[in-house]
Amino acid sequence: MIETNKNKSLLLLSCCGPCSCAVIEKLAQEQKAFTVVFYNPNIRPYEEYRKRCDENKRVCDIYKIPFIELEYDNERWCALTKGLENEPERGARCSICFYMRLKRVMEYAKQEGCLGVASVLGVSRYKNLTQVNQAAEQASKETGVSYIEIEGRKGGMQERRMQLIKELNLYAQDYCGCTIRGDRKNDD
Ligand code: SF4
């Protein structure tokens with residue numbers, strides 16, 4: 001488990017370097033106090049998880065942002081999504097997956113006395129942002145921790161994300177996380 005110097009005013013749940021790079025850059029430029037949290041037990045196999053986690057930390061190191069890796073409890077993820085294996089991406093399995101990850105990070109935020117949680121789970125065009133926000137709302141109600149919506153798509157953010165993926169030579173995977181790949185060609 002990786003843990004670097006903490007500044008825990010806001011926790012940013014990140015799924016990977018390519019989805020988070022432009023948001024991290026923007027928040028860093030705005031001198032916001034935040035910490036990136038990597039909690040993604042949905043990613044399989046473990047080697048792929050490790051690669052994405054290490055790459056996300058590399059992005060944080062570039063912008064001098066603290067990075068925390070929480071536990072890889074893939075067994076719990078599998079138990080929670082059991083029976084939903086054949087759901088398409090954006091279907092019922094994704095709602096549970098978003099909820100599980102957001103709730104865990106909110107519980108961590110509560111434990112550590114952080115102000116709130118934000119995420120980049122809805123940044124990719126393959127994701128349903130409403131679905132992410134609904135999962136966040138439910139987790140927020142249950143934990144009492146605020147969810148702060150951060151713009152990761154509009155206002156040039158997607159374009160900047162694409163630029164940074166090239167500039168930083170980021171590893172960009174071709175599937176979301178679980179091994180049900182659907183029709184995706186890449187993760188842009
Ligand atoms: S496609 Fe992605 S968000 Fe949906 S269940 Fe799989 S890992 Fe989670």
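Reader: Let me start with one residue: where is P45 found?

Author: P45 sits in the loop between β2 and α2, with helices and strands being DSSP runs numbered from the N terminus (H or I over at least four residues for a helix, E over at least two for a strand). This is a predicted model, in which local features need pLDDT of at least 70 and side-chain atom pairs count only at pLDDT 80 or more, while totals for chains, interfaces and linings use all residues. Residues are numbered from 1 along each chain as its sequence is written.

Reader: What joins R44 and P45?

Author: A cis peptide bond, with omega at about -5°.

Reader: Happy with that. How many helices and strands does the protein have?

Author: There are six helices and five strands. In sequence order they follow the pattern β-α-β-α-β-α-α-β-α-β-α.

Reader: In what order do the strands lie in the sheet?

Author: Pairing here requires at least two DSSP bridges between two strands. By that rule the five strands make an open sheet in the order β3-β2-β1-β4-β5, with parallel pairing. The edge strands are β3 and β5, each of which pairs on one side only.

Reader: How many bridges join β1 to β4?

Author: Four bridges link strand β1 (residues 10-14) with strand β4 (residues 116-119), and the two run parallel. You can follow them residue by residue: L10 stands opposite G116, and L11 has V117 as its bridge partner. On the other side of β4, two bridges join β4 to β5 (residues 146-147), again in parallel. There V117 stands opposite Y147.

Reader: And which hand does the β4, α5, β5 unit have, right or left?

Author: The test is to point the strands away from you; a clockwise path from the first strand over the helix to the second is right-handed. β4, α5 (residues 129-143) and β5 make a right-handed β-α-β unit.

Reader: How does α2 lie on the sheet, and at what angle to β2?

Author: Axes are lines fitted to C-alpha atoms (for helices, over the stretch in contact), and angles between N-to-C directions run from 0 to 180 degrees. Helix α2 lies across β1, β2 and β3, running at about 175° to β2.

Reader: Now L11: is this residue buried or exposed?

Author: The count uses other C-beta atoms, placed from the backbone, within 10 Å of the residue's own: 20 or more is buried, 12 or fewer is exposed, and anything in between is partly exposed. L11 counts as buried because it has 27 such neighbours. Across the protein, 39% of the 188 residues count as buried.

Reader: Which residues does L11 touch?

Author: A contact means that two C-beta atoms, placed from the backbone, lie within 7 Å. Leaving out residues up to four places away in sequence, L11 touches T35, V37, V105, A109, C114 and V117. L11 and T35 are 24 residues apart in sequence, yet their C-alpha atoms are 5.0 Å apart. V37, with neighbours within four places left aside, is in contact with L11, L12, L13, S14, I68, L70, V105 and Y108.

Reader: Which residues touch the most other members of the largest nonpolar core?

Author: Such a core is a set of buried Ala, Val, Leu, Ile, Met, Phe, Trp, Tyr and Cys residues joined through C-beta atoms within 7 Å. The largest has 47 residues, of which L12, L13, V37, L102, V105 and V117 touch the most other members. Elements supplying at least two residues each include β1, α1 (17-29), β2 (35-38), α2 (46-63), β3 (67-69) and α4 (92-112). Helix α4 gives the most, with 10 residues.

Reader: Which value of phi does Q31 have?

Author: A positive one, near 60°, in a residue other than glycine. Q31 belongs to the loop between α1 and β2, and it counts as exposed because its C-beta neighbours inside 10 Å number 6. R90 also has a positive phi, near 85°. That residue lies in the loop between α3 (74-80) and α4, and its 15 C-beta neighbours inside 10 Å are why R90 counts as partly exposed.

Reader: Last one: what is the radius of gyration of the protein?

Author: Taken over C-alpha atoms, and set against a globule rule of 2.2 Å times the number of residues to the power 0.38, the value is 15 Å, which agrees with the figure near 16 Å for a compact globule of 188 residues. The C-alpha trace spans about 45 × 35 × 30 Å along its principal axes.
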